[in-house]
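Biologist: I'm new to reading structures, and I'd love a close look at just one part of this one. Could you take me slowly through the place where the metal is held?

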Amino acid sequence: MQHTHVTSPAGNALDPLATRLETRGPVVLPALLLCDFGHLGREVERLEEAGAGALHLDVMDGRFVPQLTYGMVVVEAVRRAARVPLEVHLMIEQPERTIADYARAGADILTVHVEGLADPLGTLEAIAALGPKAHLAVSPNTPIDRVLPFLDACDGVLVMSVEPGYGGQRFNPVALEKLAALAEIRRQRAGVFRLCVDGGISTDTIGPVAAAGAELIVAGSAVIRSPNYGHAITELEQLARDAA
Ligand code: DX5
Ligand code: ZN
């Protein structure tokens, strides 16, 4: 059966963030986790007006991680409200069972954790066949050796700089070594996967992650807890650009 994948109006179906990355450098993806869910449409609008190039949606099931957030109904609602590409970060058990639903709900990037997959290669290939970009996430305590066999099937690798589960945690510098190692492997292998980072990003940590090679940089509390989303995104992207 052919799935109807809703692509974002602003996105280029091949690589929704390529142009922005080339022209403006690293992209900050605000995470919605800490936003006001009573006014979700308004929050999406404010983030877009603030210059967000894409949005990051944290799906948690209360099993793979302790917290339970939201699922495809909310992803679909954000898709309807947003023009920018959406990254859906699945922190759930057996994500292979629901990737088709999240693709249909409008994910432009689907990110799955290597720790939660019985068949990482098969799952990445299944995501790509459904339409979204396939990103593989790796938690702070998981060595990058676990993702190396699958790099050719990844459109991106998401290095977690906090333990998945909660917003507002402290940045773990182990992410810097992992990003630098992945950047070097990508150079050696002439790979094409994007380097991404998620967790504890602030005005202090964004420079170092960009210098280590991160291109797609998730920022939750640094944007959502700021009184001015536009100021926060502009400042973070400027710091990333200066360090990259
Ligand atoms: C953590 C989530 C993150 C979180 C980031 O499990 O994957 O995306 O929202 O929030 P900050 O930037 O506050 O660490
Ligand atoms: Zn996330």
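**A close look at the zinc site**

Modeller: Happy to! Let's start with one residue: Asp 198 has 9% relative accessibility, so this residue counts as buried, the cut-off being under 20%. Please keep in mind that we are looking at a predicted model. Another aspartate, Asp 58, has 5% relative accessibility, so Asp 58 counts as buried too.

Now for what these two residues do at the site. Both Asp 58 and Asp 198 are protein donors of the zinc ion (ligand 2), each through OD. Two histidines are donors as well: His 56 through NE2 and His 89 through ND1. These protein donors lie 2.0 to 2.3 Å from the zinc ion.

Try finding the four residues along the sequence, where the donors follow the spacing H-x1-D-x30-H-x108-D. Asp 58 sits in strand β2 (residues 55-60) and Asp 198 in strand β7 (residues 194-198), so this pair ties together parts that lie 140 residues apart in sequence.

Finally, what is the geometry around the zinc ion (ligand 2)? The site is octahedral, with six donor atoms and angles of 72 to 171 degrees among them. For comparison, the ideal angles for six octahedral donors are 90 or 180 degrees. The label still applies to the zinc site, because six donors count as octahedral if opposite ones are over 155 degrees apart and all others fall between 65 and 115.

How values were computed. Residues numbered from 1 in each chain as written. Chains lettered and ligands numbered in written order. Predicted model: local features only at pLDDT ≥ 70, side-chain atom pairs only at ≥ 80, totals over all residues. Heavy atoms only, no water. Donors = N, O, S within 2.8 Å, 3.2 Å for Na, K, Ca; no water. Tetrahedral: all angles 85-135°; square planar, octahedral: opposite > 155°, others 65-115°. Helix = DSSP H or I, 4+ residues; strand = E, 2+ residues; numbered from the N terminus. Buried < 20%, exposed > 50% of the residue type's maximum accessible area, 1.4 Å probe, protein only.
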